[in-house]
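Colleague: I would like to learn how to read ring contacts and strand faces in a model. Could we take one structure and go through it step by step?

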Amino acid sequence: MIEPRSVVFERDAVSALFEILGIMTDQLMEGNMVGRWDAEAVVDLQMRLSGLQEGEAVEIGIDDAALLLDGMAFTEVMSVDFPFFEMVQWTSDFVTSELRSHWSEELWLAYVGR
């Protein structure tokens, strides 16, 4: 875990993250995205988020957040032709701002540049 943070997510955010992780898991089980996503990291993150109670903190790293953001971007691209695409975009914006807010822009740039 890189640059870990103790984060409290709203219930709706946890639900959105589980949806993203579920889509990622489905893709990995179908043999897709294996070269892009680490299946162990996806499962580990699912386990850490499972059973969270309202107001309970979970420890995530910038690498976990980047994995979720990548899965969310994949989901958004794959949903472009669906009638609920605007809702997907709104959720993506919400989750992106929620995840990115826990690390400085400098840390994000350093992580991406490594």
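Modeller: We start with the aromatic rings and then turn to the strands. Keep in mind that this is a predicted model.

Colleague: How many aromatic pairs does the count come to?

Modeller: Rings pair if their centres lie within 6.5 Å, and planes over 60 degrees apart count as edge-to-face. By this rule there are two aromatic pairs. In one, tryptophan 37 and phenylalanine 74 meet edge-to-face, 5.4 Å centre to centre with 90° between the planes. This pair links distant parts of the chain, 37 residues apart: tryptophan 37 lies in the loop between helix 1 (11-29) and helix 2 (39-49), and phenylalanine 74 in helix 3 (residues 62-78).

Colleague: Is tryptophan 37 buried or exposed?

Modeller: Buried means under 20% relative accessible area. Tryptophan 37 has 3%, so it is buried. Phenylalanine 74, at 13%, is buried as well.

Colleague: Why is the pair of tryptophan 103 and tryptophan 108 edge-to-face?

Modeller: Because their planes stand at 85°, with the ring centres 5.8 Å apart. Both of these tryptophans are buried. The charged end of arginine 100 sits over the ring of tryptophan 108, 4.8 Å from its centre.

Colleague: Which side chains of strand 2 point to which face?

Modeller: In a regular strand, side chains alternate between the two faces of the sheet. Along strand 2 (residues 57-60), Val58 and Ile60 point to one face and are buried, whereas Ala57 and Glu59 point to the other and are not.

Colleague: In what sense does strand 1 pair with strand 2?

Modeller: Strand 1 (residues 5-8) and strand 2 pair in the antiparallel sense, over four bridges. Valine 8 stands opposite alanine 57 of strand 2.

Key
Residues numbered from 1 in each chain as written. Predicted model: local features only at pLDDT ≥ 70, side-chain atom pairs only at ≥ 80, totals over all residues. Heavy atoms only, no water. Phe/Tyr/Trp six-rings, centres within 6.5 Å; stacked < 30°, edge-to-face > 60°. Helix = DSSP H or I, 4+ residues; strand = E, 2+ residues; numbered from the N terminus. Buried < 20%, exposed > 50% of the residue type's maximum accessible area, 1.4 Å probe, protein only. Lys NZ or Arg CZ within 6 Å of the ring centre and 35° of its normal. Pairing = 2+ DSSP bridges.
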